[in-house]
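Student: I would like to learn how to read a structure such as this one, feature by feature. Could we take one helix to begin with, and then move on to charged pairs and single residues?

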Amino acid sequence: MFRLLMIEDDAMMRHMFVKTMTHEGFEVLAEGTLSLGGQTAREKKPDLILLDVHLPDGNGIEFCAKLKADPMLRHIPVLLLSGEATDVSCRVDGIEAGAEDYVTKPFDHRELVSRIKNLLRSASGPTLK
């Protein structure tokens, strides 16, 4: 079972994500701040991190760059999420910071599941269906 970590300050979005992804067969961890998310990432070693761009305690793109600079965490794929930072330059900044993908909100849960599975398949090999 793959473990996902969502770092998102919107409690309703976290709740829906946990419900949807658990139903899809994933183990799901969810945090509302970068500080808690970073701690959970170090302790629980998720297989993929979904990271909001705008959080109360910092910028998700800068946090992504820090994750990718950390030898213990750099292998974890990051999918950035944003409802506000939707322009091309912000998406490019996210990819250049090391994110493997970028999704704008609102998103269709089927598309998000598909993108997550694709990132996990790329990271772990073709065993994921």
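Tutor: Let us begin with helix H1, which covers residues 11-23 and has 13 residues; from its first C-alpha to its last it reaches 18 Å, close to the 18 Å expected at 1.5 Å a residue. Please keep in mind throughout that this is a predicted model.

Student: Which residues of H1 are buried, and which are exposed?

Tutor: The general idea comes from the geometry: an α-helix has 3.6 residues a turn, so residues three or four places apart point the same way. In H1 the buried residues are Phe-17, Thr-20 and Met-21. Seen down the axis of H1, these buried residues fall within an arc of 90 degrees, so they line one face of the helix. On the other side of H1, Met-12, Lys-19 and His-23 are exposed.

Student: What do the buried residues of H1 pack against?

Tutor: They pack against E1, E2, E3 and H5.

Student: What is found at the start of H1, and what just after the helix?

Tutor: At the start of H1, a side-chain oxygen of Asp-10 comes to within 2.9 Å of the backbone nitrogen of Met-12. Just after H1, Gly-25 takes a positive phi of about 100 degrees.

Student: Let us turn to charged pairs. How many salt bridges does a search of the whole structure find?

Tutor: The general idea is that side chains of opposite charge can pair when their charged atoms come close. In this structure, the search finds 8 salt bridges. One of them joins Lys-105 to Asp-52, with the closest N and O atoms 3.3 Å apart. This pair links distant parts of the chain, since Lys-105 lies in the loop between strand E7 (101-104) and helix H5 (109-124), whereas Asp-52 belongs to strand E3 (residues 48-52), 53 residues apart.

Student: Are Lys-105 and Asp-52 buried or exposed?

Tutor: The cut-off for calling a residue buried is under 20% relative accessible area. Lys-105, at 18% relative accessibility, therefore counts as buried, and Asp-52 is buried as well, with a relative accessible area of 4%. Asp-52 and Lys-105 are also linked with Glu-8 in a network of salt bridges.

Student: Where else should I look for such pairs?

Tutor: Consider Arg-110, which forms a salt bridge with Asp-108, the closest N and O atoms being 3.0 Å apart. Here Arg-110 counts as exposed, at 59% relative accessibility, while Asp-108 counts as partly exposed, at 31%. Another salt bridge is the one in which the side chains of Glu-111 and Arg-115 meet, at 2.8 Å from N to O.

Student: How many residues apart are Glu-111 and Arg-115 in helix H5?

Tutor: They are 4 residues apart in helix H5, and so are separated by about one helical turn. Glu-111 counts as partly exposed at 36% relative accessibility, and Arg-115 counts as partly exposed at 27%.

Student: How should I read the surroundings of a single residue, for instance Lys-68?

Tutor: I would place the residue in its element, then ask about its burial, and then list its contacts. Lys-68 lies in helix H3 (residues 60-69) and is buried, with a relative accessible area of 16%. Leaving aside neighbours within four places in sequence, Lys-68 is in contact with several residues, among them Ile-76, Pro-77, Val-78 and Gly-98. A polar atom of the Lys-68 side chain lies 3.2 Å from the backbone oxygen of Arg-74, and a polar contact of 3.0 Å joins the side chains of Lys-68 and Glu-100. The C-alpha atoms of Lys-68 and Ala-99 are separated by 8.4 Å, although these residues are 31 residues apart along the chain.

Student: Which polar partners does the side chain of Thr-33 have?

Tutor: Thr-33 lies in the loop between strand E2 (27-31) and helix H2 (34-44). The side chain of Thr-33 makes a polar contact with the side chain of Ser-35 at 3.3 Å, and it also reaches the backbone nitrogen of Leu-36 at 3.2 Å. Leaving aside neighbours within four places in sequence, Thr-33 is in contact with Ile-7, Pro-56 and Asp-57.

Student: Which element has the lowest mean pLDDT, and which the highest?

Tutor: As a general caution, where pLDDT is low, the predicted coordinates should not be read in detail. The mean pLDDT of this chain is 91, and 93% of its residues reach 70 or more. Among the elements, helix H4 (residues 88-96) has the lowest mean pLDDT, 84, and strand E1 (residues 3-7) has the highest, 98.

Note on methods:
Residues are numbered from 1 along each chain as its sequence is written. This is a predicted model: local features need pLDDT of at least 70, side-chain atom pairs count only at pLDDT 80 or more; totals for chains, interfaces and linings use all residues. Side-chain values use heavy atoms; hydrogens and water are left out. pLDDT is the predictor's confidence in each residue, from 0 to 100. Helices (H or I, at least four residues) and strands (E, at least two) are DSSP runs, numbered from the N terminus. A polar contact is a pair of N or O atoms within 3.5 Å; within protein, one must be able to donate a hydrogen and the other to accept it, and residues adjacent in sequence count only if both atoms are side-chain atoms. Contact means heavy atoms within 4.5 Å. A salt bridge is a side-chain nitrogen of Lys or Arg within 4 Å of a carboxyl oxygen of Asp or Glu. Buried means under 20% relative accessible area, exposed over 50%, partly exposed in between (1.4 Å probe, protein chains only). The expected span of a helix is 1.5 Å times one less than its number of residues. The arc is that of the directions from the helix axis to the C-beta atoms.
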